[in-house]
Amino acid sequence: MFQHKFISGDAFSDSLGKIVCVGRNYAAHAKELGNEVPKSPLLFIKPATSAVPFDTRIVIPKNQGSVHHEVEIALLIGKPASNIEEKDAWECVTAVGVALDLTLRDVQDKLKEKGQPWEMAKAFDGACPLTNWVPLEKIRDKNSIQVRLENNSEMKQDGYSDQMITSIPKLISYISQFFTLQPGDVVLTGTPAGVGPLESGDVLKTTLDACYEFSGKVL
Ligand code: ZN
């Protein structure tokens, strides 16, 4: 079972319940996959069983076509949030980290064609590698958080939270109208452009807020 940990090594008191995700939250990424930018946030959920530690357990499914990395700023919820207002949204966030929203892209394309839900492409075991958490007060400017992903030393994705179509406070407020967020839940905030396939043996490095680095290897 996944256990939240801070960069200090300390564990977080609450266990992971659910991971609420948003699709197409950066215009350049929607465009690279040929998707329209949605008028309101496109939400989906990954179960707790999809979470694995980024540094030790990135495993990609075999024989299911291409597995894409989508690097995303992740938020650890520390206070219950239901119908929360935008101005109060940051109070519910305890820490910031990085997630990979791993996506079986060929499977997803087939599901999309048929108008079916995306779970098989996005909610499988191991579909959400998560880094250790950086306490929110250590983030320099929470309105402009940078996230980057390098694969085998090549820069693949590089984005800032101020490029999001729906900002973090708006997103939390919107999500909380549908799903109560509870301590230990995680919110994924969408991926910048540059998604691409992963292979076994790939060496990944992700950087959060320009100074927190996390390394992982695809098994
Ligand atoms: Zn995503």
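How many salt bridges does the count come to in this structure? The count comes to 12 salt bridges. The model is a predicted one, and the points below take up the zinc site, the two open sheets and several of the charged pairs.

1. Zinc site. The zinc ion has as its protein donors Glu 70 (OE), Glu 72 (OE) and Asp 101 (OD), at 2.0 to 2.1 Å from the ion. Along the chain, the donors follow the spacing E-x1-E-x28-D. Glu 70 and Glu 72 are both buried.

2. Charged network at the donors. Two of the zinc donors, Glu 70 and Asp 101, also belong to a network of salt bridges that share partners. Lys 46, Arg 105 and Lys 122 are joined with Glu 70 and Asp 101 in this one network.

3. Three-stranded sheet. An open, antiparallel sheet is formed by three strands in the order E7-E4-E13. Its edge strands are E7 (103–104) and E13 (196–197), each of which pairs on one side only. Strand E4, residues 67–69, pairs with E7 in the antiparallel sense over two bridges. Within this pairing, His 68 has Thr 103 of E7 as its bridge partner.

4. Four-stranded sheet. A further open sheet consists of four strands in the order E11-E10-E14-E15, with antiparallel pairing. The edge positions belong to E11 and to E15 (212–217), since each pairs on one side only. On average, and with direction ignored, neighbouring strands of this sheet are turned by 15° against each other.

5. Strand E10. Is this strand mostly covered or mostly uncovered? Strand E10 spans residues 146–151 and is mostly covered, with five of its six residues buried. Six bridges join E10 to the antiparallel strand E11, residues 154–160. Five bridges join E10 to strand E14, residues 203–208, which again runs antiparallel to E10.

6. Register and turn. Leu 149 stands opposite Gln 157 in E11. Glu 150 has Met 155 as its bridge partner in E11 and stands opposite Lys 205 in E14. The hairpin of E10 and E11 has two residues between the strands, and Asn 152 takes a positive phi near 50° there.

7. The pair Glu 150 and Lys 205. These two residues, opposite each other across E10 and E14, also meet through their side chains in a salt bridge at 3.7 Å, N to O. The pair links distant parts of the chain, with Glu 150 in strand E10 and Lys 205 in strand E14, 55 residues apart. Which of the two partners is buried, and which is partly exposed? Glu 150 counts as buried because its relative accessible area is 18%, under the 20% limit. Lys 205 has a relative accessible area of 26% and is therefore partly exposed.

8. Further charged pairs. Lys 205 takes part in another salt bridge, with the side chain of Glu 213, at 3.6 Å, N to O. Lys 156 and Glu 154 meet in a salt bridge as well, at 3.2 Å, N to O. Lys 156 counts as partly exposed because its relative accessibility is 32%. Glu 154, with a relative accessible area of 46%, is likewise partly exposed. As background to such contacts, side chains of opposite charge can pair when their charged atoms come close.

Definitions and conventions. Residues numbered from 1 in each chain as written. Predicted model: local features only at pLDDT ≥ 70, side-chain atom pairs only at ≥ 80, totals over all residues. Heavy atoms only, no water. Donors = N, O, S within 2.8 Å, 3.2 Å for Na, K, Ca; no water. Buried < 20%, exposed > 50% of the residue type's maximum accessible area, 1.4 Å probe, protein only. Pairing = 2+ DSSP bridges. Axes fitted to C-alpha atoms, helices over the stretch in contact; angles between N-to-C directions. Salt bridge = Lys/Arg side-chain N within 4 Å of Asp/Glu carboxyl O.
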